[in-house]
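Work through the exercises below with the coordinates open beside the text. Each task is followed by a solution that goes step by step.

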Amino acid sequence: MDERVSRKVLTIARALFAYANPPFDAGILMRLNMFADMIRSYQGRVLVRRVVDIIAISKQYSLDQCRFDLVAQLLEQRSQLELFPALVEQFSKLYAEKHRVMQCVIKSSHNLTETQKNVLVRWLELKTGKRVFYSVLTDPALIAGIRIESDSMLWERSIARQLRLLERSL
Amino acid sequence: MEIKGADLVSLLEESLRKLDKGPREENLEEIGHVVQVGDASCTIYGLTHAVYGELVQFEGGAQGIILDLQEYLCTVFLLDVHTSVAEHEVVRRTGSEFKIPVGSDLIGRVVNAIGTPIDGAGELTTKELLPIEVSVPGIIERSPVNEPLETGLMVVDALVPIGKGQRELIIGNRSTGKTAIALDTILNQKGKNVICVYVAVGQRQANVARIVHLLEEQGALDYTVVVSADASSSALNQYLAPYAGTTIGEYFRAQKRDVLVVYDDLSNHAVAYREISLLMRRPPGREAYPGDVFYLHSRLLERAGKLLSGGSLTALPIVQIQGDDITAYIPTNLISITDGQIFLDTKLFNAGVRPAVNVELSVSRVGGAAQTKAVKQMTRALRLEIAQYNELLAFSQFGSELDLISQRKLARGAIVVELFKQPQFSTYSSVTEVLQLFLLRENFLDQIPQGDVRKVALQFASFVQSVYPDLYKTIEVKAAIEPETQGALQTIAIEFMRSFAPDKEVDSD
């Protein structure tokens, strides 16, 4: 997506967010991401009444309060419905910014216990001052260690990182 | 070596234990993700707190510099275009601007724009790094330019003198001897305790290799650093190279050394910057250059100067013009920034006058302050003579008969032009120049056939040096021709001219 279009999407997302002003909801970020993924894969198929289906899916994900119906109709009128998934992503980022929510992926080389996960989350919340929502993945490529990644921050202590640094210095 | 699962788990728990104790030194790194790659640049989403000019590190090993910042996106130009960058790759901030290695280790080395040696002579051992963009010395910190930087080229030292701390532009059409003047100046700094930095921007690799070989042969590499961003380098490297060269020079100036930096050439630098700006979609201005192309060069050249605390940085930027048009955009920018220009004329070059310095269009705004008293004495009214000669030359081409005075002026001018011709890589010491100019001023050369003028003048200088070494030394030390020295020189000149041309009447008036 080029810069001009990105700016347009951001402008529309901001306007929609200011209008809808959704309250804090613990699961909304995950639902927004799933909704964006669904629409993206959905747009691969040709259907007759696309806006109606988008609105129906948003209801299924309990995203009525976000008022995506307004924007979907507007984009369809201008034949720019393909921007909708990017708009949902941008909306999700604005939501995270406003409610000081951080979504991150915790990757570890081995399965983490609940206690270990809680330690990580507590530390992240202290460090960032945000509410942390996370998903956990096991990644053997780390060899040993942990990698916490969100869209704007990264913390990694792993053997894979040490090897990368060593490779760079050589 | 077998890695045990239990060992890995214990390592993991160790790192978690450290977090649990609330370590203050554990920090989150701010990252972005690559959303677009192309044309040696990437667009990064994220890096919200990054600053302009910051160095960023890609997870795949590449490095880049942020040259454009928008609300959620930034444009990063890659330092090494050969390291691949993938979409969605993580990019970390380093928290510092781009820096290059500096130090005495760089003397005699050929490095690229990021400070990596490319001469195959091993890695640099220096640990010190300096940023390539710095604020320039203020007015109070500067000292007036009053010490000559001898180029060894008589026409330049006599008529367009350069001082230590000055910025003198070398401007000319292609193949008029611009680089030759810069190289001769570098060669002439041998034994004068001046560190030279030659910055090659957008040059052919063969050219750079030839120059390095020449400097090595002449022993100039012992006090020279070569920074090369040749034509095959990325636009970013060509953009960075002059700043890198200046930073290297400033390191030595901070040690109270005298430094000469040659930028060859700034037209290629402007073209590289134009390429970067257009890729960042900045609005093009005149000749498609961005609006801040003046600032590109002014902030570079303002870093030259002589400091009160000691040390100087002299800049010799080179710019190429097309078709002898000095009114083009970049040349006029540079003329207004610098403290004078040496204009090389294609017609003079083709006529065999080399160095092809057009004295009328060349100027040094520092002027006599950058000359020794001896040279100043010998070149008084010389510019006027040359101007009158050029005027009469144009007039004489109409074929009309000229009066005797005009004919004498023409003949004299022809001798001056002949005297100022100088072969490449053959520089003169200051005293040799003074002695030759003495002969010219005192009219000893008027009776000499035009073809022998240079030979006679040079032989006179070496005659004085070998037969009258004390007098030679006096002129060298005092840098002035005192009345008794003048009298002695007159006598020696008469004696010399008699022995050189015994059948001609020698008249010093």
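The exercises that follow concern a predicted model, and they go from a whole chain to single residues and their salt bridges.

**Exercise 1. Describe the overall build of chain B: how many helices and strands are there, and what share of its residues is buried?**

Solution. Begin with the secondary structure, where chain B has 16 helices and 17 strands. Next, place the C-alpha atoms along the principal axes, which gives a box of roughly 105 × 50 × 45 Å. Then turn to burial: of the 509 residues in chain B, 55% count as buried. Among the contacts of chain B with a separation of 6 or more, 72% are between residues 24 or more positions apart. Finally, consider the surface and the charges: chain B exposes about 22600 Å², of which carbon and sulfur atoms supply 51%, while its 47 positive and 64 negative charges have mean positions 3 Å apart.

**Exercise 2. Examine helix 6 of chain A: what is its span, and which of its residues are buried?**

Solution. Helix 6 of chain A covers residues 114–128, and from the first C-alpha to the last its 15 residues reach 21 Å, close to the 21 Å expected at 1.5 Å a residue. The next step is to list the buried positions of this helix, which are Gln116(A), Lys117(A), Val119(A), Leu120(A), Val121(A), Trp123(A), Leu124(A) and Thr128(A). In reading such a list it helps to recall that an α-helix has 3.6 residues a turn, so residues three or four places apart point the same way. The last step is to look just past the helix, where Gly129(A) follows with a positive phi near 70°.

**Exercise 3. Place Leu458(B) in its surroundings: which residues beyond its neighbours within four places in sequence does it contact?**

Solution. First locate Leu458(B), which is found in helix 14 (residues 453–467) of chain B. Its relative accessibility is 34%, and because the partly exposed class runs between 20% and 50%, Leu458(B) counts as partly exposed. Leaving aside the neighbours within four places in sequence, Leu458(B) is in contact with Tyr428(B), Thr432(B) and Gln436(B). For one of these, Tyr428(B), the C-alpha to C-alpha distance to Leu458(B) is 9.4 Å, although the two are 30 residues apart in sequence.

**Exercise 4. Explain why the salt bridge between Glu150(B) and Lys192(B) ties together parts that are apart in sequence.**

Solution. A search of the whole structure finds 33 salt bridges over all chains. In the one considered here, the closest N and O atoms of Glu150(B) and Lys192(B) are 3.9 Å apart. Glu150(B) lies in the loop between strand 9 (129–131) and helix 2 (154–159) of chain B, whereas Lys192(B) lies in the loop between helix 3 (178–187) and strand 11 (194–201), so the pair ties together parts that are 42 residues apart in sequence. As for accessibility, Glu150(B) is partly exposed at 21%, and Lys192(B) is partly exposed at 32%.

**Exercise 5. Analyse the salt bridge of Arg412(B) and Glu385(B): is each partner buried or partly exposed?**

Solution. The closest N and O atoms of Arg412(B) and Glu385(B) are 2.8 Å apart. This pair links distant parts of the chain, 27 residues apart, with Arg412(B) in helix 12 (residues 404–420) and Glu385(B) in helix 11 (residues 382–396) of chain B. Arg412(B) counts as buried at 14% relative accessibility, whereas Glu385(B), at 25%, counts as partly exposed. Elsewhere, salt bridges that share partners join Arg147(A), Glu149(A), Glu156(A), Arg164(A), Glu29(B), Glu59(B) and Arg92(B) into one network.

Definitions and conventions
Residues are numbered from 1 along each chain as its sequence is written. Chains are lettered from A and ligands numbered from 1 in the order in which they are written. This is a predicted model: local features need pLDDT of at least 70, side-chain atom pairs count only at pLDDT 80 or more; totals for chains, interfaces and linings use all residues. Side-chain values use heavy atoms; hydrogens and water are left out. Helices (H or I, at least four residues) and strands (E, at least two) are DSSP runs, numbered from the N terminus. Buried means under 20% relative accessible area, exposed over 50%, partly exposed in between (1.4 Å probe, protein chains only). Contact means heavy atoms within 4.5 Å. Accessible areas come from the Shrake-Rupley method with a 1.4 Å probe; for residues, only the protein chains shown count as cover. Lys and Arg count as positive and Asp and Glu as negative; His and the chain ends are not counted. The place of a charge is taken as NZ of Lys, CZ of Arg, CG of Asp or CD of Glu. The expected span of a helix is 1.5 Å times one less than its number of residues. A salt bridge is a side-chain nitrogen of Lys or Arg within 4 Å of a carboxyl oxygen of Asp or Glu.
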